[in-house]
Amino acid sequence: MLRMLMFGKPGAGKGTLSGRLVKKYDIVSLSTGDLLRMHINDRTEVGRMAEEIVAQGGLVPDELMLQVVTSKLDRLHNKHWILDGFPRTFAQGELLNTHLNKQNTPLSLVVNLDVPDDIILSRISDRWVHLPSGRVYNLSYNPPKVEGFDDETGEPLTKRPDDNPEIFARRLEKFYSTTSPLLDFYARLSQAHVSTPPHLSGTTSDEIWPELERVLKDTFPGLKERAESADARRRHSLSDAIASASMNATISK
Ligand code: AP5
Ligand code: MG
């Protein structure tokens, strides 16, 4: 089974690429940032504890995060999954490892998205999110069909309160000081069972996407595309064929 970590700086495109994979393949994704934002929105106990920390670009305590993640992960036994935003500290990495090994469901892939800081900074001011689903938009890269509203539900999009330049700089700093050393942890682990984290680098997710798909297909050749996704492609190729046949017919008239 695919049990994958999507690793990368804030704003690297973890949510965007996980969303694409989920749309195309039979995979579910879990973003700890999205989960926390839902808790905050619903005013749960976790949400009340996390709100100020998230707003300031800090890290929520490890034990609380493990509780948030495992309560969801434990329901995904027979599914392919991607974890986005967890772990972010050594302690989280070790807690996750112990938890998964106990259930005999170790990680099977770790991917690191490597995007330059200046590119990331320029994207953030343009980001809009649909809070209930975690869908991400960007006014220049992937704008919603109707400005300000989610494509699927028509509900309003919002700005994340931690997306201002000052807080974002703090999040990036935290990534370098606390989260990026985890890559060594996973490189060491790779000698045991996870393949060495591939560094997928590029300035746009369109450069990274084909690389990511290739890694996934090479590692998990049996991964199934969603029926509707294969169907949509067939429909497209069919309509392309019809369009080109009618064009040929017009040309030959
Ligand atoms: P979280 O929500 O996980 O934030 P993050 O890691 O900082 O990552 P982002 O969601 O900001 O970026 P992303 O990589 O998903 O990029 P995206 O696809 O949106 O966490 C938020 C907070 O929660 C943390 O700061 C912390 O406080 C707390 N937290 C979460 N997990 C925790 C943990 N484990 N422990 C402790 N605390 C935790 O893309 C970014 C933008 O770029 C979008 O606008 C997108 O449209 C655009 N974009 C994407 N691809 C392209 C492209 N190719 N070209 C142009 N624009 C693009
Ligand atoms: Mg995200």
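Which side chain does the side chain of Gln92 make a polar contact with? The legends below start there and then move on to other spots in this predicted model.

**View 1. Gln92 and its polar partners in helix 5.** The side chain of Gln92 makes its polar contact with the side chain of Asp62, at 3.1 Å. It's also within reach of the backbone: the Gln92 side chain comes to 2.7 Å from the backbone nitrogen of Arg88. Gln92 sits in helix 5 and counts as buried, with a relative accessibility of just 3%.

**View 2. Helix 5 from end to end, plus the residue that follows.** Helix 5 has 13 residues and spans 18 Å between its first and last C-alpha, close to the 18 Å expected at 1.5 Å a residue. Its buried residues are Gln92, Gly93, Leu96, Asn97, His99 and Leu100. After the helix comes Asn104, with a positive phi near 60°. Asn104 isn't a glycine, and it belongs to the loop between helix 5 and strand 4. At 65% relative accessible area, Asn104 is exposed.

**View 3. Ser108 and two backbone atoms.** Look in the loop between helix 5 (90-102) and strand 4 (109-114) for Ser108. A polar atom of the Ser108 side chain lies 2.8 Å from the backbone oxygen of Met1. The backbone nitrogen of Arg3 is also 2.8 Å from a polar atom of that side chain. Ser108 is buried because its relative accessible area, 16%, falls under the 20% cut-off.

**View 4. The largest cavity and its lining.** Counting cavities of 30 Å³ or more gives one, and the largest cavity holds about 80 Å³ of space. Arg3, Leu73, Asp74, Leu76, His77, Trp81, Leu100, Gln103 and Thr105 line it. Sorted by class, that lining has four nonpolar, three polar and two charged residues. Two of these names turn up in other views: Arg3 has its backbone nitrogen by Ser108, and Leu100 is among the buried residues of helix 5.

**View 5. The two sides of helix 7.** Helix 7 (residues 165-179) has 15 residues and reaches 20 Å from first C-alpha to last, close to the 21 Å expected at 1.5 Å a residue. Buried here are Ile167, Phe168, Arg171, Leu172, Phe175 and Thr179. They cover an arc of only 145° around the axis, so they end up on the same side of helix 7. The spacing helps make sense of this: an α-helix has 3.6 residues a turn, so residues three or four places apart point the same way. On the face turned away from the buried side, you'll find the exposed residues Pro165, Glu166, Glu173 and Ser177.

**View 6. Leu17 and Leu113, two leucines from separate parts of the chain.** Leu17 is in helix 1 (residues 14-24). It's buried, with 0% relative accessible area. Leu17 and Leu113 are 96 residues apart along the chain, while their C-alpha atoms are separated by 9.7 Å.

**View 7. Backbone geometry at Pro87 and Arg43.** Some background first: most residues other than glycine have a negative phi, and most peptide bonds are trans. The bond from Phe86 to Pro87 is cis, with omega near 0°. Pro87 lies in the loop between strand 3 (80-84) and helix 5. Arg43, not a glycine, has a positive phi of about 55°. Its place is the loop between helix 2 (32-42) and helix 3 (45-55), and at 45% relative accessibility Arg43 counts as partly exposed.

Note on methods:
Residues are numbered from 1 along each chain as its sequence is written. Chains are lettered from A and ligands numbered from 1 in the order in which they are written. This is a predicted model: local features need pLDDT of at least 70, side-chain atom pairs count only at pLDDT 80 or more; totals for chains, interfaces and linings use all residues. Side-chain values use heavy atoms; hydrogens and water are left out. On a 1 Å grid over the protein atoms alone, a cavity is a set of points where a 1.4 Å probe fits but cannot get out, and a pocket is an open set with protein on both sides within 12 Å along at least five of seven lines; lining residues have an atom within 4 Å of a point. Grid points are joined across faces, edges and corners, and a volume is the space filled by probe spheres set on the points. Ala, Val, Leu, Ile, Met, Phe, Trp, Tyr, Cys and Pro count as nonpolar, Asp, Glu, Lys and Arg as charged, and the others, Gly among them, as polar. Helices (H or I, at least four residues) and strands (E, at least two) are DSSP runs, numbered from the N terminus. The expected span of a helix is 1.5 Å times one less than its number of residues. Buried means under 20% relative accessible area, exposed over 50%, partly exposed in between (1.4 Å probe, protein chains only). The arc is that of the directions from the helix axis to the C-beta atoms. A polar contact is a pair of N or O atoms within 3.5 Å; within protein, one must be able to donate a hydrogen and the other to accept it, and residues adjacent in sequence count only if both atoms are side-chain atoms.
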